[in-house]
Amino acid sequence: MDVDMAVGLVAAGFAVMGAAGLAAPTRVLSQFGVAVETASGRNEVRAVSGGFGVAAALLLLIAPDSMDTGARVALGALLAGMASARVVSAVVDRALSWPVFIYGLIEVVAAALLYWAAGLF
């Protein structure tokens, strides 16, 4: 896999996350057993999952070359932080569902791909 393919794959994942968050906010959290029943709740999901996902995808795809490394490291760190928080939550709550495990695994792989694309290993 070359660097452009790795970055494109992660950008595609962010784009899917963003599109799902914008188009179907109630479905985003329902996979975790969380009901989103108010306009404010849907707004929050659209902002955090939707807006963040779309912005991250665009940053990876259209950032000037001078920003590539910084964007990759920053988004890799955010993904690693998300995965780490899932581990902390699993330990504290003594529970780990399949969706949480799968998303955590995706976050770890995506972070590693971005760190690799940034030249960190």
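**Exercise 1.** Describe how helix α4 and helix α5 pack in this predicted model, and determine which residues make the contact.

*Solution.* Helix α4, spanning residues 68–93, packs against helix α5, spanning residues 98–117, with an angle of about 155° and with the two axes 8 Å apart. Because angles over 145 degrees count as roughly antiparallel, α4 is roughly antiparallel to α5. The crossing in which α4 passes α5 is left-handed. On the α4 side, the contacting residues include Leu-75, Gly-76, Leu-79, Met-82 and Arg-86, while those on the α5 side include Val-100, Tyr-103, Gly-104, Glu-107 and Leu-114. Sorted by class, this contact has 15 nonpolar, two polar and three charged residues.

**Exercise 2.** Find the salt bridge formed by Arg-86, and work out how its partner is placed in the helices.

*Solution.* Arg-86 forms a salt bridge with Glu-107, and the closest N and O atoms are 2.8 Å apart. Since Arg-86 lies in helix α4 and Glu-107 in helix α5, the pair ties together parts that are 21 residues apart in sequence. Arg-86 counts as partly exposed, at 22% relative accessibility, whereas Glu-107 counts as buried, at 5%.

**Exercise 3.** Analyse the salt bridge between Arg-72 and Asp-68, stating whether each residue is buried or exposed.

*Solution.* The count of salt bridges comes to two, and one of them is formed by Arg-72 with Asp-68, where the closest N and O atoms are 3.7 Å apart. These residues are four apart in helix α4, so about one helical turn separates them. Buried means under 20% relative accessible area; Arg-72, at 11% relative accessibility, therefore counts as buried, and Asp-68, with a relative accessible area of 19%, is buried as well.

Technical notes:
Residues are numbered from 1 along each chain as its sequence is written. This is a predicted model: local features need pLDDT of at least 70, side-chain atom pairs count only at pLDDT 80 or more; totals for chains, interfaces and linings use all residues. Side-chain values use heavy atoms; hydrogens and water are left out. Axes are lines fitted to C-alpha atoms, for helices over the stretch in contact, and angles run from 0 to 180 degrees between N-to-C directions. Helices (H or I, at least four residues) and strands (E, at least two) are DSSP runs, numbered from the N terminus. Angles under 35 degrees count as roughly parallel, over 145 as roughly antiparallel, 65 to 115 as roughly perpendicular and the rest as oblique. A crossing is left-handed if the near helix is turned anticlockwise from the far one by less than a right angle, and right-handed if clockwise. Contact means heavy atoms within 4.5 Å. Ala, Val, Leu, Ile, Met, Phe, Trp, Tyr, Cys and Pro count as nonpolar, Asp, Glu, Lys and Arg as charged, and the others, Gly among them, as polar. A salt bridge is a side-chain nitrogen of Lys or Arg within 4 Å of a carboxyl oxygen of Asp or Glu. Buried means under 20% relative accessible area, exposed over 50%, partly exposed in between (1.4 Å probe, protein chains only).
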